[in-house]
Amino acid sequence: MVDNNSGGEADNFDWDTEDDLEIDNYAISAPLGLSTPCGEAVLGSAEAGSSGNSPNSKIIDHFVGMGFSREMVAKAIEEKGEENSDLILETLLEYSGSTLPSSSNSKLIDHFVGMGFSEEMVVKVVQENGNDPFSFPWQSVFTSTTLYLILFFMFPGEGNTDSILETLLTYSALETTAPVQQNPDSGNCSSDYEGSLLNDFSDFDSFSESEEIMSPSSEEGRKLLHLTKMGYSEAEASVAMERCGPESTIEELTDFICAAQIAKAADALFPLEDKPFSNGSSHKKRRNWGYDLLLRKKKLKLEKRFDEDDDDAVHLPNPMIGFGVPNEPDRINHRVLPEAALGPPYFYYENVALAPKGVWTTISRFLYDVEPEFVDSKFFCAAARKRGYVHNLPIDNRFPLLPFPPRTIHEAFPLTRKWWPSWDTRTKLNCLQTCIASARLTDKIRKALEDSDGEPPLGIQKFVLEQCRKWNLVWVGRNKVAPLEPDEVEMLLGFPRNHTRGGGISRTDRYKSLGNSFQIDTVAYHFSVLKDKFPGGINLLSLFSGIGGAEVALHRLGIPLKNVVAVEIAEVNRNILRSWWEQTNQRGTLTDIQDVQELNGDRLEQLIKNFGGFDLVVGGSPCNNLTGSNRYHRDGLEGKDSALFFDFCRILDLVKCIMNGTKSMIV
DNA sequence: CCGACGATGAAGATAAGA
DNA sequence: TCTTATCTTCATCGTCGG
């Protein structure tokens, strides 16, 4: 029931997220309550500067000293005059929708009070959970998606994302966007109260949805009233409504307000992030990135409706050759990239092509609106592998790795030819997955075939073919099919033989690591354009590097690897890459990092300072919540693992900011 | 605890047909 | 062009034996 209310009803309004200035302006100058006593640290508007010289600067300082933002104070004085300080204070409190800050309490408490929670309740929760933003009952305020994004990007590397997600999942059934109303009488939030609040929401939403003829002004007034009733200040509500448009729902508005509050609070709560940065603008961009992301996400949510009607959704090319593959006509040699997508660095993102609807639209939007290139690796080797690649590499003058790998099953496994029945007409294998067929299945197939002399009945043929396709079985004897051996998978994917063998890895893990990897020839074809550009070698940031598909592809192209930073969670995979690195006598340096969470701005800054910047950022984030093979948790990009895509975005964005900052300092 | 094994469909794209 | 049939899918979970 609750889910019905939080179904993300989206209305059409112009959400101009590209306007960084406007976003920054809002995040910095919007009246956000008393939650950020040091808010003036980020206040840099001309308005504030000029007010310092005015006669009332003393009184401004007085209120700023109390924890109000300078801009807010200036506004209050402008409205009420500077004579009556009580009136000004009252106005300021009205703006913030809060009570007086308690100077002895932590910033954390102030912040939540500023959000509309009763101080009593906040103190209680903070005492119970400690000053840990991850322990706060955020789920009562945001939808799980919004919450995830906010926590994820505002506090990178802080806390355990798994536990956040667990909490989110637990509460997702009770999802609500209602903030707990500040209630001086009760001071706590009973379930009855929440229920009535939710009813209010459903009433309101259905009302606004059905009554389209209603005049905008009265509807706006109604929403404003609703928001203020919920504990937000009038100023917050009106700014949110202005930004979200006249048809926005209460859900959108509350999320917007809270996101803005959190974005600002993050600055105040974690001054660590406020370290002086080489370039001011890039720093500012860094700070607001999570917020910007939230806006992008919201915009997308709204646009989905249009996409459904306008058929603007990403659709797959047939044949799936992307901008072109070797030995096929219809090649595209030129494209215009959005300006924001241009390097440095080059980036390259990969994931399964057949993801749930809307996923690739999201991926593309988050990666600077670059159109994905969908390629099936069956044009490069004997196995299918339908993947989407979003990258900003040039696409002219690509060349393939030589020699060409075997392109058909018979070329790849010549010894199986004599056992291949005429009614099995496969010439290509299906996608190489992470699991293989069981011995019992191949035994069952053998027995079914042995029952008949010569040509088996059509029913048996159909069953056997079905299983062969499903499990990628090959014929290795009379009536005998078998799954591929790990070294055969290595060969098909373009890895050196025994790449994943030994060193303590189990057979199951070999299949798993290989099944999750790049097809080298495909990726190398795309990377080939870099060879002329980096004759002296390349600095590579390899996220979710797995068994080192990107590294192997570059190496096979003859592009020297100077400095490689590989981020990979699985120890067996890190060992495989390290082992390959040593076996191939690499001259460069390989840096292991276990978790993408470790890669925050400071760490990246340090790495970039050491290497002079990354030339290429590669990543294929987990697909297990996207692939059709997943029976249980095909949850899309918000799934437990596939959400790591947003880490790719985060890190890529950081790299871009830091490198541009560094560059402008040098030049 | 680890590794092997078997059971567990739905969502879309694609092909075929009307 | 629209409907229908066919095909494919970087997987997860519980159990069991060691």
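Trainee: Which residues does Cys623 touch, leaving out those up to four places away in sequence?
Mentor: Happy to start there, and keep in mind that this is a predicted model. Cys623 sits in the loop between strand S9 (616-619) and helix H28 (645-666). Leaving out residues up to four places away in sequence, the contacts of Cys623 are Asn351, Val352 and Ser642.

Trainee: Is Cys623 buried or exposed?
Mentor: The cut-off for a buried residue is 20 or more other C-beta atoms within 10 Å. Cys623 has 22 C-beta neighbours inside 10 Å, so Cys623 counts as buried.

Trainee: What feature does UniProt place at Cys623?
Mentor: This one comes from a record, and the entry is unreviewed. The feature that UniProt places at Cys623 is "active site".

Trainee: Which elements give two or more residues to the surface near DNA strand B?
Mentor: Let's begin with the residues themselves: 16 surround DNA strand B, and the closest are Pro356, Ser438, Arg440, Thr508 and Gly628. The elements that give two or more residues to this surface are helix H19 (439-450) and helix H22 (507-515).

Trainee: How many residues of the surface near DNA strand B are charged?
Mentor: The surface near DNA strand B can be split by residue class, with 5 nonpolar and 7 polar residues. The number of charged residues in that surface is 4.

Trainee: Which element supplies the largest share of the surface near DNA strand C?
Mentor: There are 26 residues around DNA strand C, and Asn430, Thr434, Asn624, Gly628 and Ser629 come nearest. Strand S1 (346-352) and helix H20 (458-471) each supply at least two residues of this surface. The largest share, 3 residues, comes from S1.

Trainee: How many residues of the surface near DNA strand C are polar?
Mentor: Good follow-up. The surface near DNA strand C has 8 nonpolar and 5 charged residues. The number of polar residues there is 13.

Trainee: Why does the largest nonpolar core lie between two domains, and which ones are they?
Mentor: This core has 102 residues, and Leu492, Leu540, Ala553, Leu554, Ile651 and Val655 touch the most other members. The largest share of the core, 11 residues, comes from H28. The core lies between two domains because both give residues to it: domain 3 (339-404 + 495-666) and domain 4 (409-493).

Trainee: Which residues does Leu554 touch, again leaving out those up to four places away in sequence?
Mentor: Leu554 is one of the residues that touch the most other members of the largest nonpolar core. With residues up to four places away in sequence left out, the contacts of Leu554 are Phe527, Ile538, Leu540, Ile559 and Leu561.

Trainee: How many residues are in the second, separate core?
Mentor: Among the members of this second core are Ile60, Met72, Ala74 and Ile88. Met72 and Ala74 are also buried residues of helix H5 (residues 70-80). The size of the second core is 8 residues.

Trainee: What is the C-alpha to C-alpha distance between Val390 and Pro372?
Mentor: Val390 is found in strand S3 (residues 386-391), and Val390 is buried, with 22 other C-beta atoms within 10 Å. Its contacts include Tyr349, Ile363 and Pro372. Although Val390 and Pro372 are 18 residues apart in sequence, their C-alpha to C-alpha distance is 4.6 Å.

Trainee: Is Gly477 buried or exposed?
Mentor: Gly477 lies in strand S4 (residues 474-477). A residue is exposed if 12 or fewer other C-beta atoms lie within 10 Å. Gly477 has 11 C-beta neighbours inside 10 Å, so Gly477 counts as exposed.

Trainee: Where is Asn479, and what is its phi?
Mentor: Asn479 is in the loop between S4 and strand S5 (480-482). With 17 C-beta neighbours inside 10 Å, Asn479 counts as partly exposed. Asn479 is a residue other than glycine with a positive phi, and the value is near 60°.

Trainee: Which residue does a cis peptide bond join to Leu402?
Mentor: That is a nice backbone detail to check in the model. The omega of this cis peptide bond is about -5°. The partner is found in the loop between S3 and helix H18 (409-412). The residue joined to Leu402 is Pro403.

Methods:
Residues numbered from 1 in each chain as written. Chains lettered and ligands numbered in written order. Predicted model: local features only at pLDDT ≥ 70, side-chain atom pairs only at ≥ 80, totals over all residues. Near = placed C-beta within 6 Å. Helix = DSSP H or I, 4+ residues; strand = E, 2+ residues; numbered from the N terminus. Nonpolar A, V, L, I, M, F, W, Y, C, P; charged D, E, K, R; others polar. UniProt positions renumbered as here; feature names shortened; annotations may be inferred. Contact = placed C-beta atoms within 7 Å. Core = buried A, V, L, I, M, F, W, Y, C linked by C-beta atoms within 7 Å. Domains from an automatic or database assignment.
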